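Hi everyone, thanks for coming. I'd like to walk you through one protein today, so please have a look at the picture as it comes up.

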Amino acid sequence: MTDAKDERRPAGELEATVMAALWSAGIPLTPGRVQLELGSGLARTTVTTILSRLHEKGVVGRERQGRGYAYFPIQDPQGLTALRMHTELDRDSDRETVLARFVAQLSPDDERLLRDLLESGEQ
């Protein structure tokens, strides 16, 4: 017998799936419409909960549509990744060590790119 915990998706997977549906739609979608786009058998209440959490995080916006809301992405995929990086950085009180270890683990190409970005931002 499989434990229910074993069947759970990794953290963030549902949010990523919902975001992918919103990005590909290009128009605001209701939770019911997102559910149809996903075709994964998720309950509409689950989709609504995910969209509400994404709205609270500032990742999606919403506009009134009938008695509910239609949701649209505020962040593009790269902006969402950057937001996640900030969230992870904010979880540790020793930012200097976290950043130092992050930079130390960059590939030479990524280090060069980061250096270029930092230098161009100073001008």
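Let me start with a term: a salt bridge here is a side-chain nitrogen of Lys or Arg within 4 Å of a carboxyl oxygen of Asp or Glu. With that in hand, look at E111 and R115, whose side chains meet in a salt bridge at 2.9 Å from N to O. E111 and R115 are four residues apart in helix α6, so about one helical turn separates them. E111 is partly exposed, at 31% relative accessibility, and R115 is partly exposed too, at 47%.

Please keep in mind that this is a predicted model.

Now the overall layout. The protein has six helices and two strands, and along the sequence they follow the pattern α-α-α-β-β-α-α-α. Of the 123 residues in the protein, 19% are buried. If you take the contacts with a separation of 6 or more, 43% of them are between residues 24 or more positions apart.

Back to salt bridges for a moment. How many does a search of the whole structure find? The search finds six. One of them is between the side chains of E15 and K57, at 2.8 Å from N to O. E15 lies in helix α1 and K57 in the loop between α3 (44-56) and β1 (60-65), so this pair ties together parts that are 42 residues apart in sequence.

Is E15 buried or exposed? E15 has a relative accessible area of 17%, and because buried means under 20%, E15 counts as buried. Its partner K57 is partly exposed, with a relative accessible area of 47%. Helix α1 itself covers residues 13-25. Leaving aside residues up to four places away in sequence, E15 touches I50, R53, L54 and K57.

Another salt bridge joins R95 and D90, with the closest N and O atoms 2.7 Å apart. In this pair R95 counts as partly exposed, at 37% relative accessibility, while D90 counts as exposed, at 52%.

Let's move to the nonpolar side of things. The largest nonpolar core has 16 residues, and V18, L22 and V34 have the most contacts inside it. Helices α1, α2 (31-38) and α3 each supply at least two residues of this core. What does V34 touch, not counting residues up to four places away in sequence? The list for V34 is V18, L22, L29, V47 and L51, and V18 and L22 in that list are the other two residues I just named for the core.

Last stop, a pocket. The second largest pocket has a volume of about 390 Å³. It is lined by 13 residues, and those closest to its centre are M85, L89, L99, F102 and L114. Which helices each supply at least two residues of the lining? Those are α4 (77-90), α5 (95-104) and α6 (108-122). Helix α4 gives the most, with five residues. As for chemistry, the lining divides into 10 nonpolar residues, one polar and two charged.

To tie the tour together: α1, α2 and α3 each supply at least two residues of the largest nonpolar core, while α4, α5 and α6 each do so for the lining of the second largest pocket. And α6 is also where we began, with E111 and R115 four residues apart.

Thanks for listening, and I'm happy to go back to any part of it.

Methods. Residues are numbered from 1 along each chain as its sequence is written. This is a predicted model: local features need pLDDT of at least 70, side-chain atom pairs count only at pLDDT 80 or more; totals for chains, interfaces and linings use all residues. Side-chain values use heavy atoms; hydrogens and water are left out. Buried means under 20% relative accessible area, exposed over 50%, partly exposed in between (1.4 Å probe, protein chains only). Contact means heavy atoms within 4.5 Å. On a 1 Å grid over the protein atoms alone, a cavity is a set of points where a 1.4 Å probe fits but cannot get out, and a pocket is an open set with protein on both sides within 12 Å along at least five of seven lines; lining residues have an atom within 4 Å of a point. Grid points are joined across faces, edges and corners, and a volume is the space filled by probe spheres set on the points. Ala, Val, Leu, Ile, Met, Phe, Trp, Tyr, Cys and Pro count as nonpolar, Asp, Glu, Lys and Arg as charged, and the others, Gly among them, as polar. A nonpolar core is a set of buried Ala, Val, Leu, Ile, Met, Phe, Trp, Tyr and Cys residues joined through side-chain atoms within 4.5 Å.
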